[in-house]
Every structure is written in C-alpha cells, then in structure tokens.
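Q: Could you take me closely through the cavities of this protein, and through the parts of the chain that surround them? I would like one connected account rather than a list.

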Amino acid sequence: MLDDVFIRLDHLVPGSSVFLKLEGLNPAGSVKLKTAIALVAQAEESGHEFPRTRLIESTSGNLGVALAMVCAAKGYRLTCVTDPNANTQSVRLMKALGAEVVVIDVRDGNGGYLQSRINYIQDRLVHEPGTYWLNQYANPAGPRAHRDRTGRAIVEKLGHVDYAFIGAGTTGTLMGCAAFLRQHSPATRIIAVDAVGSVSFGGPPARRHIPGLGTSRRPEILDETLVDEVIVIPEADAVEMCRTLATERGLLLGGSSGTVLSAVQEKGKDIPEGSTVVALSPDFGERYLETVYDDSWVASRWPELLCHEIPEIAQAGA
C-alpha cells in the first residue's frame with residue numbers, strides 16, 4: 001500500500017500550503033484497502049473457522065471491492081450487501097473478484113439504504129450460522145488501521161499540520177486519523193466533512209445520490225470529541241468541484257474527494273496565511289464516470305450545474 005503520495009492544491013487556500021493525500025493509488029483503488037485488511041484479520045482472530053465461514057459486509061462500493069480482493073487472495077467466501085447508489089463499476093469489480101453481491105433497494109426510515117442493508121445482514125446471520133458480519137460501523141479494527149497507517153503517514157510526511165480535512169462515511173478513517181493526530185499533533189485542527197442529508201452528526205436526513213460520505217444511521221465508532229469542527233457540503237458542490245478539478249487541473253477524483261475539497265475551499269477564507277492544510281482523497285474518479293462525470297446523470301439531478309456548459313442537456317434533464 002502507498003501511504004506517502006501527496007499533491008499540492010494551494011489555490012484552494014491562497015497563501016497557504018494545501019496537500020491532498022491520494023489514497024486511490026492503493027491496489028484496491030481506495031483508502032478502504034487498509035480497512036478491509038484489518039477487518040478480515042480481526043475475523044481471523046475471532047475463532048471462526050476459515051475458509052468455511054462466509055464473511056458478509058454492508059458497503060457502498062469501495063470497501064466491497066477491497067474486501068473482495070482480500071478474500072479472493074485468501075480463498076474466503078464473501079457477500080457484499082450494497083444498494084442502487086453504488087457505482088456500476090464497483091459492483092462489477094466485486095463480482096469479478098468472486099464476491100456474491102446483493103443489492104438492497106428498500107429505503108430505510110431516514111431515506112437511505114444503510115439500515116435496510118444491515119437488516120438484511122442480520123436476517124442472514126439468523127438463518128446462516130456459518131456467516132460472520134465484519135461490521136465496519138462498530139468494529140474498532142477499522143479506526144485502528146487508519147490510526148496506525150493513514151494518520152501516522154500524514155504526520156511523518158508533513159510534520160506540522162494546522163488543519164486536517166477528512167471525510168466522514170462509516171467514520172473509520174476519520175476516527176483513526178483523529179486519534180493519531182490528537183496524540184502526536186495536538187495543535188492540528190481536525191475538520192470532519194459530511195454530506196447534506198447524512199445523519200452522522202445529527203443533521204436532518206435527506207436523499208443522497210453519491211456513495212461514500214454520509215450515512216442514514218449513525219456509526220457506533222463515531223466519537224465527536226475527537227473532531228474540532230464539522231462542515232456539511234451539498235452534493236451539488238461536490239460534483240462541481242470534481243468536474244472543475246478534472247477540466248482545469250487534470251485531476252479525476254471521486255465524489256468523496258470533491259466533498260472534502262469543497263469543504264477546504266469553503267473554510268479557506270478563515271484559514272490564516274502560511275498554514276499547512278492536509279485533505280484526504282479516498283479514491284479516484286474512474287468509478288464515477290457514469291455518475292459524477294456523466295452529463296446526463298448530473299443534468300437529471302442538478303441541471304443548474306450544466307446550464308453554462310451544455311444548455312440542451314440541462315433543459316432535457318430539468
């Protein structure tokens with residue numbers, strides 16, 4: 001795994017140094033490979049027999065791909081439980097790596113799919129005793145992996161960091177990085193980045209379209225005392241950031257990265273000149289070509305984003 005690749009995006013906070021940590025270079029294509037390795041290792045230590053035991057996990061895409069890669073290498077059976085918001089390419093990758101993929105299309109009480117996915121898993125556990133739920137939402141192995149790897153890499157590579165912007169999905173990456181920074185870089189201001197419609201930090205639930213950040217159910221591993229500030233970004237802003245970076249900077253980043261960088265830009269006016277800022281990019285944009293980077297998909301949801309680019313598509317999607 002690659003833990004030390006950063007690029008500069010200083011234009012987002014003029015007068016300061018902005019480092020973007022690229023996690024899309026990991027073999028599974030995202031930051032979730034660290035989580036996957038840790039979750040499977042914890043399962044192996046649980047006393048269950050492998051490869052007879054089937055692993056099962058809820059995923060919006062990237063963790064499923066990472067788990068499928070790890071399980072394929074170990075000869076373990078895996079079921080990935082996802083939903084219609086998952087990127088088509090991610091679903092295909094999970095299947096290509098040998099995982100069973102179940103798509104849950106029933107929304108939960110908060111308008112998302114997470115609780116519905118978990119309900120399905122809990123039903124499988126009742127009826128299939130040989131199945132083991134990795135449970136990234138409550139399993140401390142995930143945050144530990146990012147404390148020991150991701151958070152450590154930030155401090156070892158950059159030294160002094162004034163602001164750290166980290167997206168909040170299941171919050172494993174956020175919690176792990178925050179734990180390391182609190183201990184080894186206590187002056188760093190830790191900014192959690194969430195999506196509008198997510199309930200993780202107590203916001204009102206709303207329908208979301210981009211997998212990755214945000215939840216419709218608060219993760220058990222979330223500890224808000226480790227976070228200094230929460231910035232909530234509309235999905236339209238994340239899409240606009242992604243598309244702008246692609247066309248103006250040659251950076252094809254995933255939707256979660258666009259959300260995090262939108263938060264950096266929004267907070268930028270309050271960041272003193274000369275600061276060192278780090279932001280975490282969970283993945284690249286290839287898995288979002290049919291969504292974030294597809295004009296028709298964007299026009300059907302946020303036509304205003306395309307009005308100045310392709311008026312006819314925006315009108316058709318309105």
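A: The expected span of a helix is taken here as 1.5 Å times one less than its number of residues. With that in hand, and bearing in mind that the model is predicted, helix H7 (residues 235–249) is a useful place to begin: H7 has 15 residues and reaches 20 Å from its first C-alpha to its last, close to the 21 Å expected at 1.5 Å a residue. Within H7, the buried residues are Glu235, Ala236, Ala238, Val239, Met241, Cys242, Arg243 and Leu245, and the buried residues of this helix pack against strand S9 (229–233), H8 and helix H9 (295–299). After H7 comes Gly250, which has a positive phi, near 70°.

Glu235, buried in H7, also belongs to the lining of the second largest cavity, together with Ala195, Ile210, Pro211, Gly212, Leu213, Gly255, Ser256 and Thr259. The volume of this second largest cavity is about 50 Å³, and helix H8 (residues 255–267) supplies the largest share of its lining, three residues. By class, the lining of the second largest cavity divides into four nonpolar residues, four polar residues and one charged residue.

The count of cavities of 30 Å³ or more comes to two, and the largest cavity has a volume of about 630 Å³. A total of 46 residues line the largest cavity, and those closest to its centre are Ser60, Pro211, Gly212, Leu213 and Gly214. Pro211, Gly212 and Leu213 are also among the residues that line the second largest cavity. Helix H2 (62–74), helix H4 (114–127), strand S7 (163–167) and helix H6 (172–184) are the elements that give two or more residues to the lining of the largest cavity, and H6 gives the largest share, three residues. The lining of the largest cavity holds 14 nonpolar, 25 polar and seven charged residues.

The domain assignment of the chain gives domain 1 (6–27 + 142–303) and domain 2 (31–133), and the lining of the largest cavity draws at least three residues from each of these two domains. The centres of domain 1 and domain 2, taken over C-alpha atoms, are separated by 24 Å, while 29 residues of domain 1 are in contact with 26 residues of domain 2.

Helix H4, one of the elements named for the lining of the largest cavity, has 14 residues and reaches 20 Å from its first C-alpha to its last, close to the 20 Å expected at 1.5 Å a residue. Leu114, Ser116, Arg117, Ile118, Ile121 and Arg124 are buried in H4, and the buried residues of H4 pack against strand S3 (54–58), strand S4 (77–82), strand S5 (100–103) and strand S6 (131–133).

A last residue to look at is Asp283, which is found in the loop between strand S10 (276–281) and H9. Asp283 counts as buried because its relative accessible area is 1%, and buried means under 20%. Leaving aside residues up to four places away in sequence, Asp283 touches Gly24, Gly29, Ser30, Asn62, Leu253, Gly254, Ser257 and Tyr288. Asp283 and Leu25 are 258 residues apart in sequence, yet 7.8 Å apart in space, C-alpha to C-alpha.

Technical notes:
Residues numbered from 1 in each chain as written. Predicted model: local features only at pLDDT ≥ 70, side-chain atom pairs only at ≥ 80, totals over all residues. Heavy atoms only, no water. 1 Å grid on protein atoms, 1.4 Å probe; cavity = no way out; pocket = protein on both sides within 12 Å on 5 of 7 lines; lining within 4 Å. Points joined across faces, edges and corners; volume = space filled by probe spheres on them. Helix = DSSP H or I, 4+ residues; strand = E, 2+ residues; numbered from the N terminus. Nonpolar A, V, L, I, M, F, W, Y, C, P; charged D, E, K, R; others polar. Domains from an automatic or database assignment. Buried < 20%, exposed > 50% of the residue type's maximum accessible area, 1.4 Å probe, protein only. Contact = heavy atoms within 4.5 Å.
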